[in-house]
Amino acid sequence: MDEKIHPDVEDFSAEPLLDTFIKEIQKEEVVFLLGICVALVLVILTVVFFGNFWGSSKARNAVLLLGLCDSGKTLLFTRLLLGKFARSQTSITESSATYKSKNDRGSSWTLVDVPGHESLRVQIVEKYKAVARAVVFVVDSSVFQKDVRDVAEFLYSILTDGTVAKNTPALVVACNKQDISMAKSAKLIQQQLEKEMNTLRVTRSAALSSQDGAVGGSVYLGKRGKDFEFSQLPGRVEFIECSARGSKGEDGDVAGIDALEKSLARL
Amino acid sequence: MLDFFAIFSKGGIVLWCFQGAGVSESFTGPVNALIRSVILQERTGNNSFNHNALSLKYKLDNEFELVFVVGFQKILTLTYVDKFIDDVQLHFRDRYKNELEQRGALKFLLNNFEFGEDFHNLLREAEDSSKAKAPASMRTFIESQKSQKTVKSMIDTKDGDKSKEQGGKKSKNAKKEGGDQAKAASQTVSKKTVENGGDGLTAEEIIERNRAKFISKQLGGGKPEKITSKSPKPQKPKGKAKRVWDMGGRNTGDLDYSGSNGNNYSDAQTQDYEASAEPLIQVDSMKGDLKGVDYESSDDDDDDDEDEEEEEEERVIVPDTNKKGAKKGGFGGMFGMLKGLVGSKNLTQEDMEPVLDKMKDHLIAKNVAAEISSQLCESVAKKLEGKVMGTFTTVASTVKLALQDSLVQILQPKRRVDILRDVLDARSQRKPFVITFCGVNGVGKSTNLAKISYWLIENGFSVLIAACDTFRAGAVEQLRTHQRRLNALHPPEKHAGRPAVQLFEKGYGKDAAGIAMEAIAYARNQGFEVVLIDTAGRMQDNAPLMTALAKLIAVNTPDLVLFVGEALVGNEAVDQLVKFNQALADHSKTDKPRLIDGIVLTKFDTIDDKVGAAISMTYITGQPIVFVGTGQTYSDLRSLNARAVVSALMKA
């Protein structure tokens, strides 16, 4: 090549490189080229397939136990897994274990006990919401009247979460602590929650957007123009009563969680 | 003597517990309080906590995710508790190592942790060891060192010099005294007085003496010059001079302010009255050049300089140790690095220290208050100590992740923050929802009050603004301008014929608490749904103003007390919030004083990513940030997004 390279007029364009590349490829045998192309295509296909299957098999294998602090999630967790009583304190981290459901198929999935404390719950729900197949929302029936707004706010924030709204996991509202005499019934709790969620729809959508412009929860629950009812939600919703402690007190082995277990078996 | 001891997993399941004899109440309550206020608020740095009459000490085991808590009566000072907890932890781990190393949460449930025997043995050992040390008895005089010294050696040679120098009557007297006392010195008592006599001549005397010595040396050892000692005592004045006061009591007419209060303020002529109502203003006092900054504030400047120097020294020392550490690791570094990446190893304090120091400096650079940063880093260290790292995770990444989690945790509101919902509640109860804004000067209370009232009007509520800033010139006019603009934007026709916003004011110079009370009564009568009370800005160490604010809040019991703080504030945020809360708590007469319920973070658009003030404020009070002000127009009002703030904080 007789070209003189002028330092000040150097042309670093990619064209000469491409030309040499194509020349090299054309020099090779056709078989080689074919082999390389097939290999590339195979790799791409495998990646795509694995991605799909992985996604779907990883998908939705967890049942989350959510609820306010002191609603009895950890005790319920223990009861469901082992049927025995364990004393519990406020949870700081989540606990997860495999649960064999009591249905004919004997399917098993992961039961996750999420701490109820306000500063922890959001982060942990973020972690598990994509793989949530069902949500068991535990409500303390004896102090429900006082906490109705907090309960409704938590439930609203879960239902309006983008991922949850897309996956529509089944929702089971477990009205716990039925062994206490002042406990409200599931029907009453459902009515109160519906009323509260109705109001929340209005106030939450009018809430301020956050400082970087993101508007949280643009999901509208239920039907516009009509009062909110849980039956309007796309997923399956059930309200059941249960008592994790059982009527016999601390040492009692019989707990009133049969209804809950049956409900979980249908998942 | 221990009230209880509990071992439970971080997931909440109690593995083993012990309740002391005679203790009837369960420990669940106190331990839950401990968890909520210490561990979950990232104050794990201090490891003891008081709850009513109980004192609780705890220890986290991060490898197996356990918490050990011991509780005892606060009045007992048990010295063995710290060591006891450590012993119990080690013992428990060793004994149940196999069970605890299983994976999953079921290990806590399936295994029976029979720890009673070991616990009682350890407790007995700990109690015995604390009793074994008898209190040190005082030594007798014979045994002490003093009796072995000679008297002469104990006499201060300072006296000797003094006796040579001074002219002047006073010093002669002192010399005589010194001489006498020197002779009499044989007991410790007189030794003290000798020293005192020596020191009795002040520092100035010593300087004079040194100067004399210096000059005598200069003169080649000539006679020491007679220096007239500057006696610190003032010349006795001849008789007592009459004290002259400012006002002199001569002209009582000056003291009569009765004409200037209580008139209309919107007229131009009344501005003259208000000018004379300003206290402490003396006409002609500002003539000529401006005076320099006061003596007092130069003192403050000196203090600040000293503090800055200390901080700089600390910062200089830290990078030195970091460099040393890096050099040592240089050779073993190659393999050490690989070893560090693969395989599981426990995190120790030494591993985490350089990373944590770097993170602390990073946080401080992002405008988090200095003590908050250090407390946060200590808390993260406690949380991570002993934790097992997975493969391919470095210490730095683990620590960063843990710090990020704890920052998000701090910024999450600990209670429901939904003002519209609460206003709706108040509306159904037919009483107004009262919000009070307090803060130091110039943070944006009035501006953000106007923004919030705009937001409320947009959502269909009627608002009454109470102008309780009766000190700052133009405060009432400012609010009136806002009211006019807001009413222009939302004309009364849209709001059932009544104006959306109304201003309640009583001019300047009046008592703010009284105006607030009248405003709330007016709102209740007229059916306003929200009352926004604007107070005057005040410095946190101005005691009378803080008392006035506390009185306003205690008397009127607003539904929401919002502290307005600007995002530009640095370490001051800690001081402001602590003192404000203190004042509110001190001056309220009830058991449960109304403290700050929420924070409004203003001027957020002026900081790019130095968002640390948000962390400082929420950490100190534990209250959520309710509003974020991002500008000066009515629509510049936002809510806090914890995740965005934390990512801005952790960004390099």
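Helices here are DSSP runs of H or I with at least four residues, strands are runs of E with at least two, and both are numbered from the N terminus. Welcome to the tour of a predicted model, where local features need pLDDT of at least 70, side-chain atom pairs count only at pLDDT 80 or more, and totals for chains, interfaces and linings use all residues. Side-chain values use heavy atoms, without hydrogens and water, residues are numbered from 1 along each chain as its sequence is written, and chains are lettered from A and ligands numbered from 1 in the order in which they are written.

**Stop 1: chain A as a whole**

Select chain A, which holds eight helices and six strands. Walking from the N terminus, you will meet its elements in the order α-α-β-α-β-β-α-β-α-α-β-α-β-α. Of its 267 residues, 43% count as buried, meaning under 20% relative accessible area, with exposed being over 50% and partly exposed in between (1.4 Å probe, protein chains only).

**Stop 2: the sheet of chain A**

Now pick out the strands of chain A. Six of them make an open sheet with mixed pairing, in the order β2-β3-β1-β4-β5-β6; two strands pair if DSSP finds at least two bridges between them. At the edges of the sheet in chain A stand β2 (95-100) and β6 (237-241), each with a single partner strand, so one side of each has no neighbour in the sheet. From one strand to the next, the twist averages 25°.

Zoom in on β1 (residues 62-67) and β4 (residues 132-140) of chain A, which run parallel and are joined by six bridges. Which residue stands opposite A:Val63 in β4(A)? Select A:Ala134 to see the partner.

Next, add the helices that lie against these strands. Helix α5 (residues 144-159) of chain A lies across β1, β4 and β5 (170-176), running at about 165° to β4(A). Helix α8 (residues 258-265) of chain A also packs on the sheet, touching β1, β2, β3 (108-113), β4, β5 and β6, and its direction makes about 155° with that of β6(A). Angles run from 0 to 180 degrees between N-to-C directions, with axes fitted to C-alpha atoms, for helices over the stretch in contact.

**Stop 3: where chain A meets chain B**

Show both chains. The contact (heavy atoms within 4.5 Å) takes 41 residues from chain A and 49 residues from chain B. About 4,000 Å² is buried between chain A and chain B, with carbon and sulfur atoms giving 57% of that area; buried area is the accessible area (1.4 Å probe) that two parts lose on being put together, summed over both.

How many salt bridges are there between chain A and chain B? The count is four, each a side-chain nitrogen of Lys or Arg within 4 Å of a carboxyl oxygen of Asp or Glu. To view one of these, select A:Arg149 and B:Asp425, whose closest N and O atoms are 2.9 Å apart.

**Stop 4: inside chain B**

Move to helix α22 (residues 612-621) of chain B. Nine of its ten residues are buried, so α22 is largely enclosed by the rest of the structure. Among the buried residues of α22(B) are B:Ile615, B:Met617 and B:Tyr619. Just after α22(B) comes B:Gly622, with a positive phi near 75°.

For a last selection, try B:Gln89 in helix α2 (residues 81-95) of chain B. Is B:Gln89 buried or exposed? B:Gln89 counts as buried, because its relative accessibility is 9%. Leaving aside neighbours within four places in sequence, B:Gln89 is in contact with B:Lys59, B:Leu60, B:Asp61 and B:Phe68.
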